[in-house]
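Trainee: Please take a close look at one part of this model, the packing of its interior and the pockets beside it. Keep it brisk, and define the terms as you go.

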Amino acid sequence: MAESVDARRVAGNDPALIAALTEAGLPVDDLTEPGRSFFAYRVADGAAGFGGIERHGAYALLRSIVVPEARRGEGFGGAILAHLTAEVPGAASVWLLTTTAAPFFARHGFRAVPRAEAPAEILATRQAAASCPASATLMTRNPEA
């Protein structure tokens, strides 16, 4: 289990956020658009990662979760995921698109679904419509899971 992780809200144009996402090969083209919430996560001995989420009506779209490579396996990804899903109280479901992290999200209760099962609000996001390739895995779960 990860030690206590402190979350600090950061702007979409935060240089450290952009650098971490770029290094991980994740989209950065829409970070400053309205409705996105991004956070920097720290522990006593340094950075634990970044994450973001956006609300679309009754649904939430999980943005990238990035944990520094040297910190992976310490439970920070799960701690970040828990914080982000708590940021969207009342969401009917949380959705995400991933090209590399499906096993991580499956361990945290997400299931892969065909794009046709996603709500129109999620399919209309820039992530689903343009930023992520058609080959990306679409996943969902209830936020309390």
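Mentor: What follows starts with one helix, moves to the core and the pockets, and ends with two residues of one strand.

The model is predicted, so local features need pLDDT of at least 70 and side-chain atom pairs count only at pLDDT 80 or more, while totals for chains, interfaces and linings use all residues. Residues are numbered from 1 along each chain as its sequence is written, and side-chain values use heavy atoms, with hydrogens and water left out.

Start with helix α2, residues 76-86. Helices (H or I, at least four residues) and strands (E, at least two) are DSSP runs, numbered from the N terminus. The buried residues of α2 are Phe76, Gly77, Gly78, Ile80, Leu81, Leu84 and Thr85. Buried means under 20% relative accessible area, exposed means over 50%, and partly exposed lies in between, with a 1.4 Å probe and protein chains only. The cover over these residues of α2 includes the strands β2, β3 (46-56), β4 (59-66), β5 (93-98) and β7 (137-141), together with helix α3 (102-107).

Take Ile80, which sits in α2. Ile80 counts as buried because its relative accessibility is 0%. Beyond residues up to four places away in sequence, Ile80 touches Tyr41, Ala48, Gly49, Phe50, Gly51, Ile65, Val66 and Val67. Contact here means heavy atoms within 4.5 Å. Val67 lies 13 residues from Ile80 in sequence, and their C-alpha atoms are 9.0 Å apart.

Now the core. A nonpolar core is a set of buried Ala, Val, Leu, Ile, Met, Phe, Trp, Tyr and Cys residues joined through side-chain atoms within 4.5 Å. The largest one has 21 residues. Leu62, Ile65, Leu81, Leu84, Phe105 and Phe110 touch the most other members. At least two residues come from each of β2, β3, β4, α2, β5 and α3. Helix α2 supplies the largest share of this core, 4 residues.

Phe105 shows the contacts well. Leaving aside neighbours within four places in sequence, Phe105 is in contact with Leu62, Ile65, Leu81, Leu96, Phe110 and Met139. Apart from the largest core lies another, of 10 residues, including Trp95, Ala118, Ala128 and Ala136.

Next, the empty space. A pocket is found on a 1 Å grid over the protein atoms alone: it is an open set of points where a 1.4 Å probe fits, with protein on both sides within 12 Å along at least five of seven lines, and lining residues have an atom within 4 Å of a point. Grid points are joined across faces, edges and corners, and a volume is the space filled by probe spheres set on the points.

The largest pocket holds about 730 Å³ of space. It is lined by 33 residues, and those closest to its centre are Leu26, Ile65, Thr100, Ala101 and Phe105. Two or more lining residues come from each of β4, α2, β5, α3 and α5 (126-131). Strand β4 gives the most, with 5 residues. By class, the lining has 16 nonpolar, 12 polar and 5 charged residues. Ala, Val, Leu, Ile, Met, Phe, Trp, Tyr, Cys and Pro count as nonpolar, Asp, Glu, Lys and Arg as charged, and the others, Gly among them, as polar.

Ala101 is in the loop between β5 and α3. Its relative accessibility is 22%, so Ala101 counts as partly exposed. Ala101 and Ala136 are 35 residues apart in sequence, and 10.0 Å apart in space, C-alpha to C-alpha.

The second largest pocket has a volume of about 190 Å³. Its lining includes Ala47, Gly49, Phe50, Val66, Val67 and Arg72. Helix α1 (15-23) and strand β3 each give two or more residues to this lining. Strand β3 gives the most, with 3 residues. The classes here are 7 nonpolar, 1 polar and 3 charged.

Finish on strand β2, residues 36-43. Arg36 is in this strand. Arg36 is buried because its relative accessible area is 16%. The Arg36 side chain reaches the backbone oxygen of Asp30 at 3.0 Å. It also makes a polar contact of 3.2 Å with the side chain of Glu33. A polar contact is a pair of N or O atoms within 3.5 Å; within protein, one must be able to donate a hydrogen and the other to accept it, and residues adjacent in sequence count only if both atoms are side-chain atoms. Beyond four places in sequence, Arg36 touches Asp30, Leu31, Ile53, Glu54, Arg63 and Arg126.

Ser37 is also found in β2. A polar contact of 3.0 Å joins its side chain to that of Arg9. Not counting residues up to four places away in sequence, Ser37 touches Arg9, Gly51, Gly52 and Ile53.
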